[in-house]
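Biologist: I have a new structure open and would like a quick tour. Can you walk me through it?

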Amino acid sequence: MDNGDGLAVEGVHAWRGERHVLKGVSCRVRPGELLHVLGPNGTGKTTLLRVICGLLRPDQGEVRWRGEPIGRIRSEYQRALAYASHEPALKGDLTPLENLTYLVGLKRPVRTPELRAYLERTGVAHCADLPVRVLSAGQRRRVAMARVLAQEALLWLLDEPYTNLDAAGSALLSALLEEHIGGGGIALVVAHHEIGASGARGRLELAA
Amino acid sequence: MSVGAGSALLLLIRRDLRLSFRRPEQLLQPLVFFLIVTTLFPLGLSLDLATLREVAPGVLWVGALLASLLSLDALFRSDAEDGTLEQLALSGQELTVIVIAKTVAHWLVSGAALVLVSPLIAIALGIPSTVFGTMLTSLALGTLTLSWLGSIGAGLTVGLKRGNVLLSLIVLPLAMPLLIFGAGATDRALAEVSSTGALYLLASLCVFTCTLAPFAAAAALRIALD
């Protein structure tokens, strides 16, 4: 029995159809730590993240948050996490501000000025009132990052967050990650290249 | 501080309504379909009002059912395709709350809109205005029930590339009682016989589906997200 204060993944196996994607993955991440998940394409990095956030039930093994299986504390756990999938998951017909209002608003009560400040932080405040469909891929990524920030979650699960970002955007993301784990947060990041953030960090390499 | 289910429900309904009004062509499509289908009948059948009046309730109901089916496929699909459904599922709110909000919003822009334009068609088909009360009540109950049934079908077919035909195959057989009692209620009112029995049956079907469908649709969505 594990009574830790962070996230624990214990012997997770997952099948996608006929493919055995995750073959007994285990890891631990404590507050103030970043776990860099790497591996060639198709080795189950996204699947692992989806298992950890609870969208996918593992065929074997368990994910624990503060010692409790995540299935048992579902809504509490979901409020503690912010997940950014490899697609930005924004509504093209809504503005960045509206996208944030509706999605973050389901987790915690938010006010517009506060959300504008988060968009400012990720450098997209000037397009806060344009429909998302006219934004570039990099700008959408920044809006998705603002959504992660705005959820004020302890656990960040980021799937390829560096995609489409320019040099300044990558530096910003690394700085945000550093600040997050510096403040006692936890981050799991799937990325193909090195993460610039300093601080405590682990690596989890998934093999084919 | 967390957000209660009630405020989450209202927030989501507002979101879906705003999304619908950003795409007016999708909003108008079922309405235009309804108007066209029902106005084709007089051309194909007869221009005699007495003849039309006899088939009018059936025509109105078939038109309304098919028109609301048109938009059902989009209920969860657009959110599933752009990844926002995952975000909604991870929002700390129950999936049933999300299903209820999306279905209610969908009914407001499809079913309720059809109910509002139905008097126009009723006049064209020679239905006297004394029957409007029964007709509007039955249509409102019927389209709402269809939206609940549709939420289950839409949840089951959201993972398929082209789920539209399958969705109709799942939902239409379940909608038969609606057609029978709905058109029946209007028919009885036309014949100046009491239609309360049929209306009560429709109301009970509506209550039955709105109690159970959100759970079934949420279970279907959980499978789709897996």
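Modeller: Sure. Keep in mind that this is a predicted model. Start with the sheet in chain A: 5 strands form an open sheet, in the order 6-7-8-3-9.

Biologist: Is the pairing there parallel or antiparallel?

Modeller: The pairing is parallel. In general, strands of a sheet pair through backbone hydrogen bonds, in either the parallel or the antiparallel sense.

Biologist: Which strands stand at the edges?

Modeller: In chain A, strand 6 (81-84) and strand 9 (201-205) do. Each has a single partner strand, so one side of each is left without a neighbour in the sheet.

Biologist: And what does the twist average from one strand to the next?

Modeller: The twist averages 15°.

Biologist: Back to strand 9 of chain A. Over how many bridges does strand 3 of chain A pair with it?

Modeller: Strand 3 of chain A covers residues 33-38, and its parallel pairing with strand 9 of chain A runs over 5 bridges. For one example, look at L35(A): its bridge partner in strand 9 of chain A is G202(A).

Biologist: What lies across strand 3 of chain A?

Modeller: Helix 6 of chain A, residues 167-182. This helix also lies across strand 7 (155-159) and strand 8 (186-190) of chain A. Helix 6 runs at about 145° to strand 8 of chain A.

Biologist: Now the loops. Where is N164(A) found?

Modeller: N164(A) sits in the loop between strand 7 and helix 6 of chain A. Its phi is near 70°, a positive value in a residue other than glycine.

Biologist: Why does N164(A) count as partly exposed?

Modeller: Because N164(A) has 15 other C-beta atoms within 10 Å. Buried needs 20 or more, and exposed needs 12 or fewer.

Biologist: Over to chain B. What is the phi of E192(B)?

Modeller: About 60°, so to speak on the positive side, although E192(B) is not a glycine. E192(B) lies in the loop between helix 9 (164-190) and helix 10 (196-225) of chain B.

Biologist: Why is E192(B) counted as exposed?

Modeller: Because E192(B) has 9 C-beta neighbours inside 10 Å, and 12 or fewer counts as exposed.

Biologist: How many residues does the contact take from each chain?

Modeller: There are 21 residues from chain B and 21 residues from chain A. On the chain B side, helix 1 (5-22) and helix 5 (84-89) each supply at least two residues. Helix 1 of chain B gives the most, with 5 residues.

Biologist: What classes make up that side of chain B?

Modeller: The side of chain B that touches chain A has 8 nonpolar, 7 polar and 6 charged residues.

Key. Residues numbered from 1 in each chain as written. Chains lettered and ligands numbered in written order. Predicted model: local features only at pLDDT ≥ 70, side-chain atom pairs only at ≥ 80, totals over all residues. Pairing = 2+ DSSP bridges. Helix = DSSP H or I, 4+ residues; strand = E, 2+ residues; numbered from the N terminus. Axes fitted to C-alpha atoms, helices over the stretch in contact; angles between N-to-C directions. Contact = placed C-beta atoms within 7 Å. Nonpolar A, V, L, I, M, F, W, Y, C, P; charged D, E, K, R; others polar.
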